[in-house]
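The following exercises ask you to read packing and strand pairing from a set of coordinates. Work through each task before turning to its solution.

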Amino acid sequence: MMMNDLFAIGQGALKAFTHSLATVSQNISNAENPDYVRRSTQLADATLTGRTNPLYTTSKEHNGVRIVGIARSADEFLEASVRQSGSALIRTEVTAQWLGAIESDLGNGGQDVGGKLTQLFSRGEQLAAAPFDNALRQTFMADIQETADAFKRTSQSLTLTSDLIYQSAEQETAKLNTAMSQLAEVNFQLLKSRDGTASQASLLDQRDTALAVITEQLNGEISFGDKGVASVTYAGQPLVTVNNPATASISRNADGSFALAIDGSAVAAPSDGALAGLSTSAQTLVLRQQNLETQAQTYVDDINAWQAAGETDAGAAGGPLLSMSGDASTIAVLSEDSADLALAAPGGAANGNILALASYRGPGGSEQAWTTLVGNHAIGLNAARGAEEAATAFHANTSRARDDVSRVDLDREAADLIRLQQAYSAAARVIQVARETTQSVLNIF
């Protein structure tokens, strides 16, 4: 081996291990960065083999190692699994969050409709035992008012929650559009990047981050092309191509739910992601509002029907006590005068009609319907929370498997740092030996 081979081996090794040490340092500095994928410097044999004349033997020039490029420790199948499980997790989290908000609206701060209805009917039983007790009559009228107010407050709370869900959907759509624009730009830069460079690795990190945000919103289909360029489609509509992002938008339906469109074309609601959870929550809320309005109308009709079946102390036919001109928020009490109560049966006992009020508590009545409504919603909420727990566990497992491959392990980096430092010292020693040997040879002359 000639002296220049020793110098070349040492020089190549110094350069290779310098870059390797820099890569390890970059890994360590990004250990807490969730969007960073571990890097490693790839090395290869730099020996050159050839001949200048067919009559001569093959010659070799020993140059040690050379730098091939920077490799990311990424597994596309594990990344896809994490994106999929993350999309499902976001959907379940959002659904559980807003179904919980709807439950709070139905609870109305402990002053729920069901409690007020129970209080009203219980007061009616007390009044039936003492129909001429003026204090009980006034309290009974107040119960009718409080029950109507409970319906109104619940309706208003549900409407406010509906507005908040739509605002949240607008924010998530804006995030989706931003991520799609970022991905399109990254795709364009990737096409111009050189393979194996640090800048390409950084662009691929940015690509994966943008893809994670997109799939957190909806379940798009992802495909990869040359240089890692990512294309995303949803429901047959392209979301992102090389440098051409689509525009997602939402519009509010008359019932309070919302519809999704891509570049102005309506598409079905997502099955995963934040927009899927918001869409499901909005549809559930619409159903609860419809249930509430039906029960409010039943309450108005029952009270007025009961009132019309009796007569007042003055012998007049009972007039309507409640009205509802629109949704449940429009319910109103028409009279607050206890003298208008038709407690007596026509031509009969003074408490004949108030005794009949209990018949409205049975099947088909507003009190039992409210219990059914709250029970059904509680079942749906518990199912959503159970799905959230399952999705959390599954996402944690897929993330752990991905992180074992892609994330920075400080113990591993510390071991690599020691190994590379020792290799760097050995390479420097090779150059030193070559220099000393060359000097010894020169000293002979």
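**Exercise 1.** In this predicted model, find which residues Tyr-299 touches, leaving out those up to four places away in sequence, and then place Tyr-299 in its nonpolar core.

*Solution.* Step one is to collect the residues with heavy atoms within 4.5 Å; for Tyr-299 these are Leu-117, Leu-120, Asp-143, Ile-144, Thr-147, Ala-148, Phe-151, Leu-322, Ile-331 and Ser-366. Step two is to look at the core as a whole: the largest nonpolar core has 68 residues, and Tyr-299 is listed with Phe-140 and Ile-214 as having the most contacts inside it. Step three is to ask what supplies this core, and here helix H4, spanning residues 134-192, gives the largest share with 16 residues. A second core, separate from that one, has 9 residues, among them Phe-17, Leu-21, Ala-423 and Ala-427.

**Exercise 2.** Determine the order of the 3 strands in the open sheet, and explain why E5 and E7 are each left with one side lacking a neighbour.

*Solution.* Step one gives the order E5-E6-E7, with antiparallel pairing. Step two considers the edges: strand E5 (221-224) and strand E7 (237-240) each have a single partner strand, so one side of each has no neighbour in the sheet. Step three adds the geometry, since the twist from one strand to the next averages 30°.

**Exercise 3.** Describe how E6 and E7 pair, and state which helix packs on the sheet.

*Solution.* Strand E6, residues 230-234, pairs with E7 in the antiparallel sense over 3 bridges, and Val-232 stands opposite Val-240 in E7. The helix packing on the sheet is H4, which touches E6 and E7, and its direction makes about 75° with that of E7.

Technical notes. Residues numbered from 1 in each chain as written. Predicted model: local features only at pLDDT ≥ 70, side-chain atom pairs only at ≥ 80, totals over all residues. Heavy atoms only, no water. Core = buried A, V, L, I, M, F, W, Y, C linked by side-chain atoms within 4.5 Å. Buried < 20%, exposed > 50% of the residue type's maximum accessible area, 1.4 Å probe, protein only. Helix = DSSP H or I, 4+ residues; strand = E, 2+ residues; numbered from the N terminus. Pairing = 2+ DSSP bridges. Axes fitted to C-alpha atoms, helices over the stretch in contact; angles between N-to-C directions.
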